[in-house]
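Subject: Structure for you to look over

Dear colleague,

I am passing on the structure below, together with some notes on what turned up when I went through it. Please read the notes with the coordinates open beside you.

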Amino acid sequence: MEKKLNINKTIISIIVLNIIHLAVLIGALIYNAIYNKLNKIGSNSLTYLFFFAMVFITLFINSFITIKNAVTLSDSESQYEVLKSTLDQLENLNNTLRAQRHDFMNHLQVVYSLIEMHEYKDAEDYIEQVYNDIQKVSKVLKTSNAAINALLQAKILDCEKKDIKTELKVTSRLDNFHVPSWEMCRILGNIIDNSIYALEEIEGSKLLTISIFENLKVFGFSITNNGPKIPENIIDKIFEAGFTTKGSKGEGMGLFTVKNTVERYSGKIKVSSEDYTTFEITFPKNIDA
């Protein structure tokens, strides 16, 4: 069975090997300098020094290029995984819409027949059930961003399976939104997944609210849950690399990645946690602002 390349381990291995090479070379330079001094050998010292300097520069440049390429490869793999997930979600959403279109004529025929038989109450109940099913999909089709629509659809369906009530409030179509779809899906996906994880830890009513809005200055996203309160002593640490409250289940890189991605596109993210925990993200409409 073919094993998947672990990019992070590869990068660490490359860095360690290059550090060892540099350390060995520096050690050789120091040894050569001490040896020549003790033995009062000076005729070839400049030649040795020039040789080692050239090797050192070559090795340093090679190390820099190799590490840079490895980091680029890691970013590309991350982008590929998010794009693949988004495409899967788009396909699922498209299949749902096609199924609804296929069933639409059948629903009309049933309602028409019930009305013809004067079964008005049954017709009303039937229409209400169909309407609720359609609403589950139509409420996530309010933005102009197909990838975000698909992500929201997937997360809402996931919440339904886990008995989490979801509220989606969309007052912006995200027209002219400058953050790439795959990056925004990674941001929203991480925060929503964290919220779902927190809600799974509690008993009773579970509520997740997702809001997408805009004003004259910013595009905004807000994710709120009624899960456990984040303690004050760690709320400032949740965006640090390696910090996690999930124990062995977490890697501590999700929110760290979210914060870096948000700031890369001139955005801001803040969190508050009292009766509800809310993550709010804003991106300026004027990216030069």
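A salt bridge here is a side-chain nitrogen of Lys or Arg within 4 Å of a carboxyl oxygen of Asp or Glu. With that criterion, a search of the whole structure, which is a predicted model, returns 12 salt bridges. Before turning to some of them, I will set out the overall architecture.

The protein has six helices and five strands, and these follow one another along the sequence in the pattern α-α-α-α-β-α-β-β-α-β-β. Of its 289 residues, 33% are buried, and the accessible surface amounts to about 18700 Å², with carbon and sulfur atoms supplying 58% of that area. Among the contacts in the protein with a separation of 6 or more, 68% are between residues 24 or more positions apart.

Helix α4 deserves a closer look. This helix runs over residues 146-161, has 16 residues and spans 23 Å from its first C-alpha to its last, which is close to the 22 Å expected at 1.5 Å a residue. At the N-terminal end of α4, Asn145 acts as a cap, with a side-chain oxygen placed 3.1 Å from the backbone nitrogen of Ala147. The buried residues of α4 include Ala147, Ile148, Ala150, Leu151, Leu152 and Ile156, and also the polar Asn149, Gln153 and Lys155. Just after the helix, Asp163 adopts a positive phi of about 60°.

Returning to the salt bridges, I would begin with Lys121 and Asp125, whose closest N and O atoms are 2.9 Å apart. Both residues belong to helix α3 (residues 120-138), where they are four residues apart, or about one turn of the helix. An α-helix has 3.6 residues a turn, so residues three or four places apart point the same way. As for their surroundings, Lys121 is exposed, at 52% relative accessibility, while Asp125 is partly exposed, with a relative accessible area of 34%.

A further salt bridge joins Lys162 to Asp158, with 3.5 Å between the closest N and O atoms. Lys162 is partly exposed at a relative accessible area of 29%, and Asp158 is likewise partly exposed, at 23%. These two residues do not stand alone, since Asp158, Lys162 and Glu200 are linked in a network of salt bridges.

The pair formed by Glu183 and Arg264 has its closest N and O atoms 2.7 Å apart. This pair links distant parts of the chain, because Glu183 lies in helix α5 (residues 181-199) and Arg264 in helix α6 (residues 254-264), 81 residues apart. Glu183 is buried, with a relative accessible area of 2%.

Finally, what did the search for disulfides find across the whole structure? The number of disulfides is zero. Of the cysteines, I looked at Cys159 in α4, which is buried with a relative accessible area of 0%, and at Cys185, which also counts as buried, at 4% relative accessibility.

With best regards

Terms used: Residues numbered from 1 in each chain as written. Predicted model: local features only at pLDDT ≥ 70, side-chain atom pairs only at ≥ 80, totals over all residues. Heavy atoms only, no water. Disulfide = S-S within 2.5 Å. Buried < 20%, exposed > 50% of the residue type's maximum accessible area, 1.4 Å probe, protein only. Helix = DSSP H or I, 4+ residues; strand = E, 2+ residues; numbered from the N terminus. Contact = heavy atoms within 4.5 Å. Areas by Shrake-Rupley, 256 points an atom, 1.4 Å probe, with all protein chains shown as cover. Expected span 1.5 Å × (residues − 1). Polar contact = N/O pair within 3.5 Å; in protein donor to acceptor, adjacent residues only side chain to side chain.
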